[in-house]
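Dear colleague,

Please find the structure below, together with its sequence. My notes on it follow directly after.

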Amino acid sequence: MRLLRIWPDETRFDFMRFRHVTFPLSATLSVAIAIVFVTMGLNFGVDFKGGTLIELAAKAGQADVGSVRNAANNLGFGEVEVQEFGNQGGVSLRFPIQPGGEAAQGVVVDKARATFGADYNFDRVETVGPRVSGELVQSGTIGVVLSVFAVLAYLWFRFERELAIGAIVGTLHDIVLTIGFFVITRHEFNMTSIAAILTIVGYSLNETVVVFDRTRELLRRYKQMPTEELLNLSINSTMSRTVMTATTTTLSLLALVLFGGRAIEGFAEVMLAGVVICTYSAIFISSPVLIYIGSRLASRSLAAGAGVPQPAE
Amino acid sequence: MLRFSKTKVIFTLGAVLVGLLLAVPSLMSRDERQAYLKAIPSWIPTWMVPTRAIVLGLDLQGGSQILLEVDRADLVRTQALSLRDDVRRVLRENGVAIEGGIQISGRGVQVRIPDAAARARVLPKLRELSQPITSAILGQTGAQTLGVAESPDGLVQLTFTDQGIEDRIRRAVDQSIEVIRRRVDQLGTTEPSIQRQGADRVLVQVPGLQDPARLEEILGKTAKLEFRLLGDAGSTDTELLPSRDAGGQRVPVERQIILDGADLTDATPGFDNRTNEPIVNFRFNLRGAQRFGDATTRNVGRPLAIVLDNEVISAPRIIQPITGGQGQISGRFTVQQANDLSVLLRSGALPAKLTIIERRTVGPGLGRDSIEAGKLATYVATLFVVILMFATYGVFGFIANVALVVHVGLIFGLMSVLEATLTLPGIAGIVLTIGTAVDSNVLIYERIREEARAGRSVVTAIQAGFDRAFATIIDSNSTMAIAALILFFMGSGPVRGFAVVFLLGILTTVITAVTMTRMMIALWYGYARPKAIPF
């Protein structure tokens, strides 16, 4: 039986040369994202912005988005964001936070039920008061920052400092690009998005660590090899695995995007984008970074090799 | 090298089998599970058979949840008001003249007592208003509920300490949970969950409840507590009320209400000084103390019914007049009962305003759709990965696929034992781990290929592949686990459900992809004796 090979064996591809393209590309993207982030901002959901989210499903046939929009805006709760979603008559309404503190938020739902209750089922109703949304923003931010530091600490402990820095550069890159994905696609940013970002942090490091594990191993074996060549060899020899894992993960997420239902679609799409970003950065960002910061890698292991006689492999 | 001893094989298979069996109750519907639990013969101890099951999150089950917060400012204000009454009573009892009345300050009360002698005389009495803070774990903490300060110009300030306020809020949350539980039970819904969240919040989850308006309404009401005398049956002045004391039997209670819960400021469990019997201490405000004192003086020897929501909780006999605004209820309680009763008494007057700060409702349709869609996505993802793995690695791919199926089964098994909550992001987590679980296998297999290409024999290549890939597997899974752990600790509800699945997935993947795969490859090798790596 002939077995499938997505990536050929024993490649000698010069991945490092691409840094002259990928570094400017990623830098430009990051700056562009920063600009768009500042000007457009994230499409914060009620978790972070506070307010009321109502998802309606038409009891029969298609939703009449236009009339829902008109009716919602006439309720007197400020500007309501009305969006159609899915293809089964779903409409989502997002009411801004109402003045008057925590207790004042409940009225929105009562009025909405009275207005839309006859024609629509209420699939989801979420009201988050100003205090809770503030706390969620705080804990979300702390979570992401903390995870970066925790992982940095782990890497520092397990790897050489240069490798740890390379991995963190890659991870930050992935976070920025993922946020960029949120900004540009206008995906709602909520607590689940934080979960997506943290998972992407985990996946990003997973990818980088596999390559760096090999780099570390090769570093001990080939002490004379120039950094660039060493890194190319690391990537080439782990490439078949990288491609295979990226494929299985992408396929799973694809299944989730296609069949996971409207409530999880957004999460799956972000994760899918994240896997692509992480695979790209593990090869084209984290590793080439070592060429600049990792010149000491070779010299350090050289020095170590000179002092201590190495056992034969 | 590639030999697995029989004991090891039996042990590994046994552990996997147990893990998979644990998932069985979770695969049953609610009715099937109840029938199954009934069908277990009583002579089998419950730990011998899997009984626990995964809990579906509200986002999958449909239902409502609301998050309530104790209104701190309101609580402090209420406490200050009752403290003012207490201070007034103490001053009056000791005949101390004050200047300008008793003021309520930010976090307590202040009073000006110009006469230094009178001040010295009354200060110890005022200090007695402060109570030691006890905690369930530490016992006496040494902290006091009140700080009493005196300045030379005669100003006496009684301020709630930080610990005092925190302690009060903590107890307020305990009381609210008790009240809320009893109230939600009235809705007649299945398995409501009421939990403390943080220091000053209560999370109420009611599966299946579509319109939380009624929930919000009944949580807004106060429980009705009354002190009334037991009367004669048949008199027009009495009504029959069920008595908890008498096992639900109806007892005649006078219609006239001596006092209601509004006048109760506190109730705490304690022990009788002489008999060391568990009792409940209660305190009234000034008005309550007077009326209670008068009523008990006039009715010594008669039973006093303590009525909560039209049910007689207990009816102790008045042994002597109770005039100090404080009293105790004894009734051969266990410690637990005394504790419960004090909670009930306190819950009479809701300790403070509860504010709804978050509401979430998911319709049953959406939850059902999500489960169906999640199942489909899981099957499709598994199919994709299984086909790809088999096409790429042949027999080894088949082995990885067996490990993958066991891996998903083990996640369900572990979640069942932990009675973890499966949420929609949790389903996404399962689908995601299907993709990442085979990563360990891929790492090992690719390494085996490399070692074989480097000229090693089949056995040594397999051996080296496992050994060398192991460090990488640990490193890559650790980084994932760190991210998942942080998510677990900071996340709540659905997001935490995702973190749980993800963490368990990492745990089981290391077991299935390393130990199980290794065993299956060893067994296969012993059977097939291949001359070359088959992929």
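The notes below cover the contact between the chains and then the nonpolar cores.

This is a predicted model, in which local features need pLDDT of at least 70 and side-chain atom pairs count only at pLDDT 80 or more, while totals for chains, interfaces and linings use all residues. Residues are numbered from 1 along each chain as its sequence is written, with chains lettered from A and ligands numbered from 1 in the order in which they are written.

Chain A and chain B each give 62 residues to the contact (C-beta atoms, placed from the backbone, within 7 Å). On the side of chain B that touches chain A, helix 11 of chain B gives the most, with 16 residues (helices are DSSP runs of H or I, at least four residues, and strands runs of E, at least two, numbered from the N terminus). That side divides into 37 nonpolar, 15 polar and 10 charged residues (Ala, Val, Leu, Ile, Met, Phe, Trp, Tyr, Cys and Pro count as nonpolar, Asp, Glu, Lys and Arg as charged, and the others, Gly among them, as polar).

Strand 5 (residues 120-128) of chain A pairs with strand 19 of chain B in the antiparallel sense over five bridges (pairing requires at least two DSSP bridges). Within strand 19 of chain B, B:Val362 stands opposite A:Arg124.

The largest nonpolar core holds 176 residues, of which B:Ala428 and B:Val431 touch the most other members (a core is a set of buried Ala, Val, Leu, Ile, Met, Phe, Trp, Tyr and Cys residues joined through C-beta atoms within 7 Å; buried means 20 or more other C-beta atoms within 10 Å of the residue's own). Helix 7 (residues 191-221) of chain A supplies the largest share of this core, 15 residues.

Yours sincerely

Technical notes. Buried ≥ 20, exposed ≤ 12 C-beta atoms within 10 Å, placed from the backbone. Contact = placed C-beta atoms within 7 Å.
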